[in-house]
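Subject: Structure handover

Hello,

Here is the structure I promised to pass on. Please open it first, then read my notes below.

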There are 2 protein chains.
Amino acid sequence: MPPSGRLRADAARNRTALLKAVEELLAHHHPAQISMDLVATTAGVGKGTVFHRFGSRDGLMLALIQERAHDLGVAITDGPPPLGPGAPARARLLAFLSAIVDLVSRNKGLLAALGPAIATPTDQGPREAHPVYRTWHGHIAGLAGQERPDLDTDMLAHVLLASVHSEPILDTLARGEGERLDRTLRDLVTALLPERPAPERPDPERPDPEGPGAT
Amino acid sequence: MPPSGRLRADAARNRTALLKAVEELLAHHHPAQISMDLVATTAGVGKGTVFHRFGSRDGLMLALIQERAHDLGVAITDGPPPLGPGAPARARLLAFLSAIVDLVSRNKGLLAALGPAIATPTDQGPREAHPVYRTWHGHIAGLAGQERPDLDTDMLAHVLLASVHSEPILDTLARGEGERLDRTLRDLVTALLPERPAPERPDPERPDPEGPGAT
DNA sequence: GACGTTACTGGACCGCCGGTCCAGTTGTCG
DNA sequence: CGACAACTGGACCGGCGGTCCAGTAACGTC
């Protein structure tokens, strides 16, 4: 998903190599100990290339996240239900949460990098969240608000999303226990949102386990 | 709360000055842009002193957190209900969450520092959570487990605590909207835990709003 | 297919930061 | 009051994110 203008052949190749290198490194090392030099070396390019293309460390991390999140973004706006429009809000929300947990689990360490980069210190004042976070947050808040307009769904969305930046939870995900997080989030949402037909069996809206997301 | 042995007079004075300096700086600047040199200068001591006493940047941050969290720790083990033992688990849990939100709100930026320092990269393998986090997490999981042993309360506790490391939520707290987080967490917990008498009015167990915590 | 333009490349370089070290100093105890 | 140990603090180190610019190689033009 390169930016608007086409890239020169070698530039595109290096861009891909860099993103792949970062992903690989993130899978095995803590983000704090991944230097830009290391990324460049792993990708087989010079450090100047990294900064020329991505501007900064955060830019690199955010580009990776944006790329991995792109498919999910398309799925929730144009895809088929229950992720896409058409299904009831509650079912869409459950599907979306599962998709996010899935996305984060399959890209181990991806969100660990997002944590530091999620907000850019615009100046000295408050900060601005990254587009990907804004999209996810808005989607959750919107869906929840359809069912429970009485709640502070804005804050609720932040709380639900917070789980995928939390170090202890990311550790758990890294150990392959992503389903525990998924189930816990589902429990929270089902407890909070009214379930129209049956009061106890949330299984029907279980989303397709291999939905959109990274490849 | 100096470590076991008593401190030399000047050492104790400098320790206090350093913690106060960090707290002050955290209130006005993003943790990432607070250097150890700056802390030392602000406190009026040399950098060597900082490292001699606290070992590392994380050590300094954790010492500050531990000091602020101490009162709350005492309150939940020995204090009066609803925070301390004696009250029903659900009421204690609600009181505890309010106390944490209160603690974090009053120490703006304190937990922003915890985020990076919450887990120490023990070696290369997994990480170990800080005692303060372990205590909080265990308390929440234990209380929730008394009411809903069927849930994955271990993960639930992580999810609830995640909200106080989340950058967007910390921003909200910094703007003085701590009550929103408090209310949202209460909504989550009351939705999840059975309420024995009436099915809709969680007000009675509202804890004392000015409980224990930092001064 | 040769050529000039232009964007890309990559390694040397910079300033800063966390952390170390040790000579000098100052509190404490017999 | 003296001696010892603990504390102090600034010079110093390795490494990091980020900059710079001379060399290079891809693309449009004829």
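Start with DNA strand C. Of the 21 residues around it, N14(A), G48(A), M36(B), K47(B) and R57(B) come nearest. A residue counts as near a strand if one of its heavy atoms lies within 4 Å of it. Of the strand C atoms within 4 Å of the protein, 60% are sugar or phosphate, and the rest belong to bases.

Before you go on, note that this is a predicted model, where local features need pLDDT of at least 70, side-chain atom pairs count only at pLDDT 80 or more, and totals for chains, interfaces and linings use all residues. Residues are numbered from 1 along each chain as its sequence is written, chains are lettered from A and ligands numbered from 1 in the order in which they are written, and side-chain values use heavy atoms, leaving out hydrogens and water.

Which atoms of strand C does N14(A) approach? A polar side-chain atom of N14(A) lies 2.7 Å from a phosphate oxygen of the strand. The side chain of H52(A) has an N or O atom 3.1 Å from a phosphate oxygen of strand C. M36(B) uses its backbone: an N or O atom there lies 2.8 Å from a phosphate oxygen of strand C. A polar contact is a pair of N or O atoms within 3.5 Å; within protein, one must be able to donate a hydrogen and the other to accept it, and residues adjacent in sequence count only if both atoms are side-chain atoms.

α1 (9–28) and α3 of chain A and α3 of chain B each supply at least two residues of the surface near strand C. α3(A) gives the most, with 5 residues. Helices here are DSSP runs (H or I, at least four residues), numbered from the N terminus. By class, this surface has 6 nonpolar, 8 polar and 7 charged residues. Ala, Val, Leu, Ile, Met, Phe, Trp, Tyr, Cys and Pro count as nonpolar, Asp, Glu, Lys and Arg as charged, and the others, Gly among them, as polar.

Now DNA strand D. Among its 21 surrounding residues, M36(A), K47(A), R57(A), N14(B) and G48(B) come nearest. Sugar and phosphate make up 62% of the strand D atoms within 4 Å of the protein. The side chain of K47(A) puts an N or O atom 2.5 Å from a base oxygen of strand D. R57(A) has a polar side-chain atom 2.5 Å from a phosphate oxygen of strand D. For H52(B), a polar side-chain atom lies 3.2 Å from a phosphate oxygen of that strand. α3(B) gives the most to the surface near strand D, with 5 residues.

How do the two protein chains relate? A rotation of 180 degrees with 0.0 Å of shift along its axis superposes chain A on chain B (RMSD 0.1 Å). That is the relation of a two-fold axis. The fit is by least squares on the C-alpha atoms of residues with pLDDT of at least 70 in both.

One last detail, in the loops. A cis peptide bond joins P81(A) and P82(A), with omega about 5 degrees. P82(A) is in the loop between α4 and α5 of chain A. In chain B, P81(B) and P82(B) are also joined by a cis peptide bond, with omega about 5 degrees. In general, most peptide bonds are trans.

Best wishes
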